[in-house]
Amino acid sequence: MPLKRIHIGPWKISCDPEETQAIYAKIVHGNPEVCRCWGCLNFAVVRKEVHPPSAVSVFEQLGIDLYKETDLLHVDVGVYRGWYHFIGRMEYGGHEAVDIGNYYKLDVTDAVERSSKLFGNLPVAQINFLAREVRWTLSSPESDEFLEDSDEEAISDDTAYNTV
Ligand SMILES: [Zn+2]
């Protein structure tokens, strides 16, 4: 099936929303539900409020399921970066992130990171989001996630020794 050309913000994108949707239907969980670290658990709670309506509409146009992030990184207090893949190509528009709403940016790229095998040999592009001021809902302080914590490494070292 030929790719459909759509225009989103500054980008001209070729995509196949129906096929992309079919692939997302086969993915069981997004990265936060798979990883389950505190940062991810928090994101899963607030996910719906993080993406502004205009971003949700972009994902819909591309056939992406909002709940199935390819990857999610908790990069700083209140800040998350995540991405989704879709069948298609970025035809035009540069790789600059575009502000969508106050604390939210999107960018589209052909430089795909860790693409799912489900996409096979199809052309795959990636849409990244960067969200700031994301609400923290867990009882342990969010800043604990970013402490230089040597204890944690010590524990995993012990665990490693125990398995030898
Ligand atoms: Zn995580």
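**Exercise 1. Among contacts in the protein chain between residues at least 6 apart in sequence, what percentage join residues at least 24 apart?**

Solution. The structure is a predicted model. Step one: take the contacts in the protein chain between residues at least 6 apart in sequence; 66% of these join residues at least 24 apart. Step two: set this beside the order of elements, which from the N terminus reads β-β-α-α-α-α-β-β-β-β-β-α. That order holds five helices and seven strands. Step three: for burial, 27% of the 164 residues in the protein chain are buried.

**Exercise 2. Establish where confidence in the protein chain is lowest and where it is highest.**

Solution. Start from the average: the pLDDT of the protein chain is 88, and 90% of the residues score at least 70. Then go to the extremes. Helix α5 (residues 150-163) has the lowest confidence, with a mean of 46, while α1 has the highest, at 97. Finally, check the end of the chain: residues 153-164 have a pLDDT below 50, and beyond near neighbours in sequence this stretch makes zero contacts in the model.

**Exercise 3. Describe the pairing of β1, β2 and β4.**

Solution. Step one: β1 (residues 4-8) pairs with β2 in the antiparallel sense, over five bridges. One of the pairs is H7 with K12 in β2. Step two: look at the connection. Two residues lie between β1 and β2 in this hairpin, and G9 in the turn has a positive phi of about 50°. Step three: β2 is also joined to β4, by four bridges, and these two strands run antiparallel. Here S14 has R89 in β4 as its bridge partner.

**Exercise 4. Sort residues of β2 into those on its covered face and those on its uncovered face.**

Solution. The rule comes first: in a regular strand, side chains alternate between the two faces of the sheet. Applied to β2, the covered face has W11, I13 and C15. The uncovered face has K12 and S14.

**Exercise 5. Which residues of α1 are buried, and what covers them?**

Solution. Begin with the list: T20, I23 and Y24 are the buried residues of α1. They lie on the same side of α1, because the arc they cover around the axis is only 100°. Next, take the face turned away from that buried side; the exposed residues E18, A25 and K26 are there. Last, identify the cover, which includes β2, α4 and β4.

**Exercise 6. Find which residues touch the most other members of the largest nonpolar core, and which element gives the largest share.**

Solution. The core has 27 residues, and L62, F86, V108, I127 and A131 touch the most other members. Elements giving two or more residues to this core include α3 (38-50), α4 (53-62), β4 (79-92), β6 (104-109) and β7 (124-131). The largest share is from β4, with six residues. To see one member in detail, take A131: leaving out residues up to four places away in sequence, A131 touches V50, Y80, Y103 and Y104.

**Exercise 7. Name the strands that β7 pairs with, and give one residue pair for each.**

Solution. First, β4 and β7 run antiparallel and are joined by eight bridges. In this pairing I87 stands opposite V124 of β7. Second, β6 and β7 also run antiparallel, joined by six bridges. The residue pair here is Y104 with A131 in β7. Y104 is also among the residues that A131 touches.

**Exercise 8. Is S115 buried, partly exposed or exposed, and what is in contact with it?**

Solution. Locate S115 first: it is in the loop between β6 and β7. Then count neighbours. S115 has 14 other C-beta atoms within 10 Å, so it is partly exposed. Apart from neighbours within four places in sequence, S115 is in contact with H85 and V124. For H85, 30 residues apart from S115 along the chain, the C-alpha atoms are separated by 7.0 Å.

**Exercise 9. Compare the settings of R36 and E133, residues other than glycine with a positive phi.**

Solution. R36 has a phi near 60° and is in the loop between α2 (31-35) and α3. R36 counts as exposed because 12 C-beta neighbours lie inside 10 Å. E133 has a phi near 55° and is in the loop between β7 and α5. E133 has 11 other C-beta atoms within 10 Å, so it is exposed.

How values were computed:
Residues numbered from 1 in each chain as written. Predicted model: local features only at pLDDT ≥ 70, side-chain atom pairs only at ≥ 80, totals over all residues. Buried ≥ 20, exposed ≤ 12 C-beta atoms within 10 Å, placed from the backbone. Contact = placed C-beta atoms within 7 Å. Core = buried A, V, L, I, M, F, W, Y, C linked by C-beta atoms within 7 Å. Arc of directions from axis to C-beta. Pairing = 2+ DSSP bridges. pLDDT = per-residue confidence, 0-100.
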